[in-house]
Amino acid sequence: MGNKTSYVPSGFSNCRAITSLSLLKKIISKLRPLKNQDVFFSKISYTKKTLGYKNIDIDQLSNHHILLITGIANSSSLIQYLEQKKCTIHHMKFHDHHNFSKSDVGKIKEEFDLIESDKKLLLTTEKDYTRLSNQISELSFLEITTTLIDQREKFDNMIKSFCEKSKNS
């Protein structure tokens, strides 16, 4: 049996707390990976500019009123990130993997229209942007990047090895 890899997604634990080797080891011990399994830790980062309808530098969001639309399991890190930018957040939270109906879209548009500000932004996640952008033209999103916290070279080598084995079989 080949190597199996266990992934710890960013939402597994409060990643801001994963700052010490002892904490990483504690998480690994709770996962109890088999000897032929590796555990890799990752984090997400947000881009420095909104994309979509409005391209605004993230550091320029102070005093903006943001209607944030999320259909993700845990939006707390995104909300905390935006709160650090000193903007006012109006959050419409939907279930993870939500299929937005015409009624949902209508409510989103109504809520956005109710915001009385010259500095307002209709913002969502990259994932939800793909579901909503053809229904809401004023929609912007924040792109995310995933970065491995440690063992990047080992991870890359495992992927390359897997691809080589697949190509040769």
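**A walk through the chain, beginning at Asp-113**

Asp-113 counts as exposed, because its relative accessibility is 58%, and exposed here means over 50%. This residue is found in helix α3, which covers residues 102-114, and together with Glu-110, Glu-111 and Glu-138 it forms a negative patch on the surface. The model in which this is seen is a predicted one.

Stepping back to the whole chain, one finds five helices and eight strands, and from the N terminus on these elements follow one another in the order β-α-β-β-β-α-β-α-β-α-β-β-α. The chain has 169 residues, of which 33% count as buried, while its accessible surface comes to about 10900 Å², with 50% of that belonging to carbon and sulfur atoms. If one takes the contacts in the chain with a separation of 6 or more, 63% of them are between residues 24 or more positions apart.

A residue in a loop can also be buried, as His-98 shows. It lies in the loop between β5 (88-93) and α3, and because its relative accessible area is 19%, His-98 is buried. Leaving aside residues up to four places away in sequence, His-98 touches Gly-71, Asp-104 and Arg-131.

The next topic is the salt bridges, of which the count comes to five. In one of them, the side chains of Asp-38 and Lys-154 meet at 2.8 Å, N to O. Since Asp-38 lies in strand β2 (residues 37-46) and Lys-154 in helix α5 (residues 152-167), this pair ties together parts that are 116 residues apart in sequence. Asp-38 counts as buried at 14% relative accessibility, whereas Lys-154, at 38%, counts as partly exposed.

Another salt bridge joins the side chains of Lys-85 and Asp-59, at 3.4 Å from N to O. This pair, too, links distant parts of the chain, for Lys-85 is in the loop between α2 (76-83) and β5, and Asp-59, 26 residues apart from it, is in the loop between β3 (51-52) and β4 (65-70). Lys-85 counts as buried, with 18% relative accessibility, but Asp-59 counts as exposed, with 55%.

A further salt bridge is formed by Asp-156 with Arg-152, whose closest N and O atoms are 3.1 Å apart. Here both partners belong to helix α5, and because they are four residues apart, about one helical turn separates Asp-156 from Arg-152. Asp-156 is partly exposed, with a relative accessible area of 25%, and Arg-152 likewise counts as partly exposed, at 48% relative accessibility.

How values were computed:
Residues numbered from 1 in each chain as written. Predicted model: local features only at pLDDT ≥ 70, side-chain atom pairs only at ≥ 80, totals over all residues. Heavy atoms only, no water. Patch = residues over 30% accessible without salt bridge, like charges linked within 9 Å, V, L, I, M, F, W, Y side chains within 5 Å. Areas by Shrake-Rupley, 256 points an atom, 1.4 Å probe, with all protein chains shown as cover. Salt bridge = Lys/Arg side-chain N within 4 Å of Asp/Glu carboxyl O. Lys, Arg positive; Asp, Glu negative; His and termini not counted. Charge placed at Lys NZ, Arg CZ, Asp CG, Glu CD. Helix = DSSP H or I, 4+ residues; strand = E, 2+ residues; numbered from the N terminus. Buried < 20%, exposed > 50% of the residue type's maximum accessible area, 1.4 Å probe, protein only. Contact = heavy atoms within 4.5 Å.
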